[in-house]
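Got your viewer open? Load the model, switch to cartoon view and keep the selection box handy.

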Amino acid sequence: MSFAGRAETTVSAQERDHYAMMARTSELLAKNADWLHSIDAFLVDWRPKA
């Protein structure tokens, strides 16, 4: 189950906040990975050729 799903199903406010924060962190990490991949692909043209 995803963090967002766990946040919706738990009854504890503390756990709900924790899982919501983890879902947001996971989302930001995924976006960061996409951004890094895009930058890496762009920089291929700027790297010295062997």
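## The whole chain

Start with everything on screen, coloured by burial if your viewer can do that: buried residues account for 10% of the 50 residues in the chain. Keep in mind that this is a predicted model.

Now look at the cartoon. You should find 2 helices and 0 strands. The radius of gyration comes to 18 Å, well over the 10 Å that the globule rule gives for 50 residues, so the chain is more spread out than a compact globule. Turn the view along the principal axes, and the C-alpha atoms fill a box of roughly 60 × 15 × 10 Å.

Switch on the surface next. About 4,500 Å² of the chain is exposed, and carbon and sulfur atoms supply 62% of that area. Then pick out the charged side chains: there are 6 positive and 7 negative ones. How far apart do the centres of the two sets lie? The answer is 3 Å.

## Rings to select

Hide the surface and show the aromatic side chains. The structure holds 2 aromatic pairs.

Select Phe3 and Tyr19 for a stacked pair, with 6.4 Å from centre to centre and 25 degrees between the planes. The angle falls under 30 degrees, which is why the pair counts as stacked. Colour the helices and you'll see what this pair does: Phe3 lies in helix H1 (residues 3-9) and Tyr19 in helix H2 (residues 13-43), so the two rings tie together parts that are 16 residues apart in sequence.

Are these two partners buried or exposed? Phe3 has 32% relative accessibility and counts as partly exposed. Tyr19, at 17%, counts as buried, because the cut-off for buried is under 20%.

Next, select Phe42 and Trp46. These rings form a tilted pair, 6.3 Å centre to centre, with 45 degrees between the planes. Trp46 is exposed, with a relative accessible area of 65%.

## Back to helix H1

For the last stop, select Glu8, which sits in helix H1. Glu8 is exposed, and its relative accessible area is 69%. Add Ala20 to the selection and draw a distance between the C-alpha atoms. Glu8 and Ala20 are 12 residues apart in sequence, and their C-alpha atoms are 8.5 Å apart in space.

To finish, show Phe3 and Tyr19 again alongside Glu8 and Ala20. You now have on screen the stacked ring pair together with the C-alpha pair at 8.5 Å.

Methods. Residues are numbered from 1 along each chain as its sequence is written. This is a predicted model: local features need pLDDT of at least 70, side-chain atom pairs count only at pLDDT 80 or more; totals for chains, interfaces and linings use all residues. Side-chain values use heavy atoms; hydrogens and water are left out. Rings of Phe, Tyr and Trp (its six-membered ring) pair if their centres lie within 6.5 Å; planes under 30 degrees apart count as stacked, over 60 as edge-to-face and the rest as tilted. Helices (H or I, at least four residues) and strands (E, at least two) are DSSP runs, numbered from the N terminus. Buried means under 20% relative accessible area, exposed over 50%, partly exposed in between (1.4 Å probe, protein chains only). The radius of gyration is taken over C-alpha atoms; the globule rule is 2.2 Å times the number of residues to the power 0.38. Accessible areas come from the Shrake-Rupley method with a 1.4 Å probe; for residues, only the protein chains shown count as cover. Lys and Arg count as positive and Asp and Glu as negative; His and the chain ends are not counted. The place of a charge is taken as NZ of Lys, CZ of Arg, CG of Asp or CD of Glu.
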